[in-house]
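Here is a short, friendly briefing to read alongside the model. Take a look at the structure first, then follow the points below.

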Amino acid sequence: MKRKAFTAVVVAVLLAMAVSTAFAANARKGKRTWKKSCRTTCHDGSKAVELSPVSKTQAQWKRFFDNAHAEIDEAHAGVEVDALKDSDWADMFEYLHGHALDSDQPETCG
């Protein structure tokens, strides 16, 4: 009886971990989205300045993405950025915040 209960607890814990991982923001996907959608849009020789994860601190990235990234949307009105889903924004925030200037792993090359 104890063995079945233990097995049920282990299965429940593994299932909970799998579900939480599936819905968590993914920094790796965020890096791909950043490079595909934002970096190429902003760094095509236009007036935008070079921007990378180490361009801002974690607090600055948080402020940048606050207000449902309204500042970013305004700067990119009518560009492909409008097509990004909420999960794409969350993934990009995870990537940029995780590799910010004051993070444990600042990104030194892109």
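Let's begin with a charged pair: Asp66 forms a salt bridge with Lys62, and their closest N and O atoms are 3.6 Å apart. Please keep in mind that this is a predicted model. The protein holds 4 helices and 0 strands, and the notes below go from the charged pair to the overall layout, the core and the last helix.

**The charged pair**
- The structure holds 1 salt bridge, the one between Asp66 and Lys62.
- Both partners belong to helix α3, which covers residues 58-75; Asp66 and Lys62 sit 4 residues apart there, about one turn of the helix.
- Are these two side chains buried, exposed or something in between? Asp66 is partly exposed, at a relative accessible area of 32%, and Lys62 is also partly exposed, at 45%.
- As a general point, side chains of opposite charge can pair when their charged atoms come close.

**Overall layout**
- Reading from the N terminus, the order of elements is α-α-α-α.
- The protein has 110 residues, and 25% of them count as buried.
- Among contacts with a separation of 6 or more, 68% are between residues 24 or more positions apart.
- About 7,800 Å² of the protein is exposed, with carbon and sulfur atoms supplying 58% of that area.

**The nonpolar core**
- Which residues touch the most other members of the largest nonpolar core? They are Trp34, Trp61, Phe65, Trp89, Met92 and Leu96, out of 13 residues in that core.
- Helices α2 (27-42), α3 and α4 are the elements that give two or more residues to this core.
- Beyond its neighbours within four places in sequence, Phe65 is in contact with Ile72, Trp89, Met92, Phe93 and Leu96.
- In soluble globular proteins, nonpolar side chains tend to be buried together.

**Helix α4**
- Helix α4 runs over residues 86-98, 13 residues in total. From first C-alpha to last it reaches 18 Å, close to the 18 Å expected at 1.5 Å a residue.
- The buried residues of α4 are Asp88, Trp89, Asp91, Met92, Tyr95 and Leu96.
- Why do these residues share one side of α4? They cover an arc of only 160 degrees around the axis, so they fall on the same side of the helix.
- Trp89, Met92 and Leu96 therefore appear twice in this briefing: they are buried residues of α4 that lie on that shared side, and they are among the core members with the most contacts to other members.

How values were computed:
Residues numbered from 1 in each chain as written. Predicted model: local features only at pLDDT ≥ 70, side-chain atom pairs only at ≥ 80, totals over all residues. Heavy atoms only, no water. Expected span 1.5 Å × (residues − 1). Buried < 20%, exposed > 50% of the residue type's maximum accessible area, 1.4 Å probe, protein only. Arc of directions from axis to C-beta. Salt bridge = Lys/Arg side-chain N within 4 Å of Asp/Glu carboxyl O. Contact = heavy atoms within 4.5 Å. Areas by Shrake-Rupley, 256 points an atom, 1.4 Å probe, with all protein chains shown as cover. Core = buried A, V, L, I, M, F, W, Y, C linked by side-chain atoms within 4.5 Å.
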